[in-house]
Amino acid sequence: MQSAVRKRQSNAPRSSTNPSQPESKPKGSSMKRPQFHFDLWFYLTVQNWILDFGRPIVMIILPLEWFPLNKPSAGDYFHMAYNVITPFLLLKLIERSPRALPRSAVYLSIITLVMGASIHLVGDSINHRLLLSGYQLHLSVRENPIIKDLKPATLIDSFELLYFYDEQLGHLMWYIPFFIILFLYFTGCFTHVKEEKTMPLSGWLLLGPSALYYWYLVTEGQIFQLFLLTFLAMVATVIHQRHKGSVPDANGLFLFASFSVTMFLVAVWVAWLWSDPVLRKKYPGHLYVPEPWSYYTLHVKDSH
């Protein structure tokens, strides 16, 4: 009888929840390392160069007969595509964030970005038609020859309102949420695994075009203060995370390196045009950052 009981006990399955022994991890349960999002960074860079930087260029190159002044221009269609594609790519980037980000902040930022970019679309479209009529970007609204003699004089106030929507309100509602989204994404790009802080070759190849576009965005959009605040917030985040033992992953390193190179390019641009008297008058104040297209209309356009 006792032998039968001992036999049954020896054949009984052993419990796998023995508290005296640590539970072994199943195979494949290790954390998945975040991958470098080359596809999204590549799409963002290419569409930024084509649809944003390329807008004024395509309006200059294509014959005016193809796009009458009372109809949208080729650049306007580029702007419409940008207003759809950019928010979509930013949302896809947020989806791949290693850390859950506040949805309300993301949604409000995307909605505001689309609204601001749409305001800018209208203002920039009319501004292009003014350029074809002789408007000079390096001069203020009231100093432009085609504006200052308008009758009645209240029309000048209307053009100043247009300038406000185009260059000030539109830019703020466009770029503030743009940089908020990039910063929110950056805060989630930190890891304790030091091997993941290296950036692949594809990231280094994209670094130059990405930083050069941000330089254009900061200077032409007149948003250096916003960019500087974002960059300083990123630096503070890196320092804070390093105290916690975390380092940027490949995507965070790419974004931080792009902004660092952009800061260097803006400093070189400002130093080069520091003593230009005309641009100094157009852009007064302590933070002097002239626009590239103002430089073009002042020094390049009439030289051809």
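I looked up R280 first and found this residue over the face of W274, at 4.0 Å from the ring centre. A charge counts as over a ring if NZ of Lys or CZ of Arg is within 6 Å of the ring centre and within 35 degrees of the ring normal. R280 also lies over the face of Y288, at 4.2 Å from the ring centre.

I note that this is a predicted model, where local features need pLDDT of at least 70, side-chain atom pairs count only at pLDDT 80 or more, and totals for chains, interfaces and linings use all residues. Residues are numbered from 1 along each chain as its sequence is written, and side-chain values use heavy atoms, with hydrogens and water left out.

Next I searched the whole structure for aromatic pairs and got 27. Rings of Phe, Tyr and Trp (its six-membered ring) pair if their centres lie within 6.5 Å; planes under 30 degrees apart are stacked, over 60 edge-to-face, and the rest tilted. One of the pairs is W41 with F254, tilted because the planes stand at 50°, with the ring centres 5.1 Å apart. W41 is in helix α2 (residues 38–61) and F254 in helix α9 (residues 250–272), 213 residues apart. Helices are DSSP runs (H or I, at least four residues), numbered from the N terminus. I found both W41 and F254 buried, that is, under 20% relative accessible area, with exposed over 50% and partly exposed in between (1.4 Å probe, protein chains only).

I then checked F42, also placed in helix α2. F42 has 35% relative accessibility, so I entered this residue as partly exposed. The C-alpha atoms of F42 and S202 are 9.3 Å apart, with the two positions 160 residues apart along the chain.

Definitions and conventions: Helices (H or I, at least four residues) and strands (E, at least two) are DSSP runs, numbered from the N terminus.
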